[in-house]
Amino acid sequence: MATFDSQASDVAGDGAKAPLWKRYKAGHHWRTQDDEFDAAKIGIWLFLATEVLLFSGLFCAYAVFRMLYPEAISAGSGYLDWRFGFSNTVVLLISSFTMAMAIRDVQLNRQRWATINLSITWVCAALFLAIKFIFEYGPKWAEGKRPGNLFDYAYASTSHEHVWWSIYYMSTGVHATHVLIGMGLIAWLIYRQRKGAYGPTHFTMMEGVGLYWHIVDLVWIFLFPLLYLVH
Amino acid sequence: MTTVDRALDHVHDDHHDVPYLTPKGGPVATVWDWMTTVDHKKIGVMYLFSVLFMFFLGGVAALMLRIELLEPTRQTAAGLTGAAFAGGEGSSVGAVGQFYNTVMTMHGAIMVFMFIVPGIPASLGNFFLPLMLGAKDVAFPRLNLASWYVYVFGSMFGVYVILTGGVDTGWTFYTPYSTTTDGQPQVVAMILAVFVLGFSSIFTGLNFIVTVHKLRPPGMGWFDMPLFIWALYATSIIQVLATPVIGVTFLLLLFERLFQIGIFDPGLGGDPVLFQHFFWFYSHPVVYVMILPAMGIISEVLAIHSRKRLFGYRAIAFSSLAIAAVSFLVWGHHMFTSQGELAAMIFSALTFLVAIPTAVKVFNWIATLYKGSIAWNTPMLYAMQFLFLFSIGGLTGLPLGALSTDLHLHDSYFVVAHFHYVMFGGTVIAFLSGIHHWWPKMFGRMYNEFWAKIGCALVFVGFNVTFFTQFFLGTQGMPRRYASYVDEFTTLHQISTYGSWVLALGFVVHLFVFIHSLIVGERAPQNPWGGLSLEWETDPVPLEHNFRHEPICKHGPYDFETTVPPGCDEKDFPLPPQDEVRTVH
């Protein structure tokens, strides 16, 4: 990759007319803008490691209860409609693609396309949550398919089905929270990107949020088969 | 303004070249300056006072426990015990027992989550990691400040719990007890506190890892770093990788407590052993978060105050990483009775692995002292105490890790004594060593060596009287966590309690030494101990931007035979005849 500092040197003279990304200077404790960018990337990757470990607890609980109550997990999984899960998978994959494209766009200074791609990403995230809440959480909660003590489904065929619903709501709920946080971050990216904060020599924030968005996507790629497809 | 971190409006003017402690205008402006600072030094100092305050709260709880244990308390609480515990003299044993459980939980939870985990890394680490690397700040200064606010926010939950009557779950929050015991808002608040504090721990760890990778000065390779940095690096890896697991565990516990989701509660088909696995998967590695930075401090103090190159630099550096790696494989030794026999045997065998890198360190430290020019000042005395007490703590861990002896010793006072020899005799003693060692650099003033030594001696005597007796209590069968006991333990319990008073007196002496130093202490020179790591190249009180010029690493941190310390006169720290110096690295 070309170094940023070599490109950023034409800033002088442009003054206030230059877009924000051209005027960006690294924090005072960094030697170069490259160093700052690299550090931010190491930081975000470490953060992604913590995310993986956070979800690993939920996956671990899933495995334990699958072993303890195989019938309950199998029956519970049967209540889920794979078509909703599949639609959501497609929606998230598209959003991951547009997120990656948006980063490519700011790297090439295609600002209009960046806005469009970021907006599609945001809409996909909203679509994911809409499908989740309108077609899945809502009807299930109304039927009494709730976690733990709140469980009130009259036609349960196996005992311990409430444990399945606990696992289901906890893991998809923590994931949905991440989607919601991602929506906030992407909205903020759109706002900043419209102001011209990101361009070929400065897109640290885009890169970081992008990586975060991909891990949210990736977690769903694992949740989908475990919850919907495996019986 | 603070040291400006926003690059767009940053101008290099002179106002950053003042000592970081210089007030910015009036009292309100100064307080505002500190509350919004992104300067790692100020954040380190704020952390130092915050964790010491929590240490004080946890310490008061500990003293109360020892007072309750002055007498066996079987029917009614008499004398001092009765007076100190809720109902006054003659209160029922049930009420005393309940209050005892609460105070014990507060002691454990505060000391573990609010004092000893953030303790050294967030205070001394924050202050000295960038200085030792010759950097202007940590990699992410605003994240650093956020970490402090998250810590304070989380600790406020803890204080709220104390003010509203406390919780009695024990610091381990084992289910189903923690999901069914009384005190809904308090238990929820305490669970939230631990959840929130985890974020501050992750922020600090993440910041340190990136700082070590990206902000070393020109000329400093990985093996030119002071060993305190290596220790903090290994600590940070554990913080980043272990803390998310306690995060999700306490999230599940929170929902279990609020909505009975049945994941941990056996009454609803949940698995309480799963909670134990999750809990110890974090809480075992985290004891190395507590001890590794302490070991880093000992490496610095022993080398500088004996003016000797550290023996086995690479062995000490790699043993830190080895401890961090092994720490993730031994959580099962907290649950020997709640898992299968084969698993218990495997975890027992893995537990002994920890002894190897730990012993590597101890032997290297002792070898460092050989033929050194040892200064008998407070940091050194504490470092010596560390070697002695930590060795006792480490060696008494072996019978606890062996299945056959653990059957007899587990859940007894032997465990309590072992744990305190490692955590107090190790971490707190090293923390005190580090505070004295770096005090002149942090506050620009010397402390009173004579009275600090008196405090040091009182802490040593008090600590040993308090906790060595507990080894005997444990081997004789005194179980931990109980408010009452059979009569034959009375004498040992009373000796232990008297010891805790001596220990407290030692801390009071230290407190006065510190206050005295801050107000009228003699101005510290730039480099009072003749250290070679980069923090001693700064001004007596470091500037806001730390260094006058970007430092270049020209010598190793322990090259005492060949280098005159920066800011020192050669006749104060004479070099040996150079033809006798072996320059093997």
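Two residues are taken to be in contact if their C-beta atoms, placed from the backbone, lie within 7 Å. On this basis, in the predicted model described here, 75% of the contacts in chain A between residues at least 6 apart in sequence join residues at least 24 apart. For chain B the corresponding share, again among contacts between residues at least 6 apart in sequence, is 80%.

Chain A contains eight helices and zero strands. Read from the N terminus, the order of its elements is therefore α-α-α-α-α-α-α-α. The radius of gyration of chain A is 22 Å, whereas the globule rule gives 17 Å for 231 residues; the computed value is well over the latter, so chain A is more spread out than a compact globule. Along the principal axes, the C-alpha atoms of chain A fill a box of roughly 75 × 30 × 25 Å. Buried residues make up 35% of the 231 residues of chain A.

Chain B is likewise built without strands and has 17 helices. Its radius of gyration, 24 Å, is close to the 25 Å that the globule rule gives for 585 residues, so chain B is as compact as a globular protein of that length. The C-alpha trace of chain B spans about 70 × 55 × 50 Å along its principal axes. Of the 585 residues in chain B, 53% count as buried.

The two chains meet through 36 residues of chain B and 32 residues of chain A. On the chain B side, two or more residues come from each of helix H8 (184–214), helix H9 (227–259) and helix H10 (272–306). H9(B) gives the most to this side, with ten residues. By class, the residues of chain B that touch chain A comprise 23 nonpolar, eight polar and five charged.

H10(B) also packs within chain B, against helix H13 (residues 378–401), at an angle of about 125° and with the axes 9 Å apart. Angles from 115 to 145 degrees fall outside the roughly perpendicular and roughly antiparallel ranges, so H10(B) is oblique to H13(B). The crossing of H10(B) with H13(B) is left-handed. On the H10(B) side, the residues that meet H13(B) are B:Ile298, B:Val301, B:Leu302 and B:His305. Their counterparts in H13(B) are B:Pro379, B:Met380, B:Ala383 and B:Phe386. This contact of H10(B) with H13(B) has seven nonpolar residues, one polar residue and no charged residues.

A further helix pair in chain B is formed by H16 (residues 449–475) and H17 (residues 490–520), whose axes lie 7 Å apart and make an angle of about 160°. Because angles over 145 degrees count as roughly antiparallel, H16(B) and H17(B) are assigned to that class. H16(B) and H17(B) cross in a left-handed sense. The contact of H16(B) with H17(B) has 19 nonpolar and ten polar residues, and no charged residues.

Two individual positions in chain B were also examined. B:Met442 is found in helix H15 (residues 413–443) of chain B. It has 22 C-beta neighbours inside 10 Å; a residue is buried at 20 or more, so B:Met442 counts as buried. Apart from neighbours within four places in sequence, B:Met442 is in contact with B:Val45 and B:Phe127. B:Thr562, 120 residues away from B:Met442 in sequence, is 27 Å from it in space, C-alpha to C-alpha.

B:Pro176 is placed in the loop between helix H6 (141–163) and helix H7 (177–180) of chain B. With 16 other C-beta atoms within 10 Å, a count between the limits of 12 or fewer for exposed and 20 or more for buried, B:Pro176 is partly exposed. When neighbours within four places in sequence are left aside, the contacts of B:Pro176 are with B:Asp265, B:Pro266, B:Gly267 and B:Pro272. B:Pro176 and B:Phe275 are 99 residues apart in sequence, and their C-alpha atoms are 9.5 Å apart in space.

Technical notes: Residues numbered from 1 in each chain as written. Chains lettered and ligands numbered in written order. Predicted model: local features only at pLDDT ≥ 70, side-chain atom pairs only at ≥ 80, totals over all residues. Axes fitted to C-alpha atoms, helices over the stretch in contact; angles between N-to-C directions. Helix = DSSP H or I, 4+ residues; strand = E, 2+ residues; numbered from the N terminus. Parallel < 35°, antiparallel > 145°, perpendicular 65-115°, else oblique. Left-handed = near helix turned anticlockwise from the far one by under 90°. Nonpolar A, V, L, I, M, F, W, Y, C, P; charged D, E, K, R; others polar. Rg over C-alpha atoms; globule rule 2.2 N^0.38 Å.
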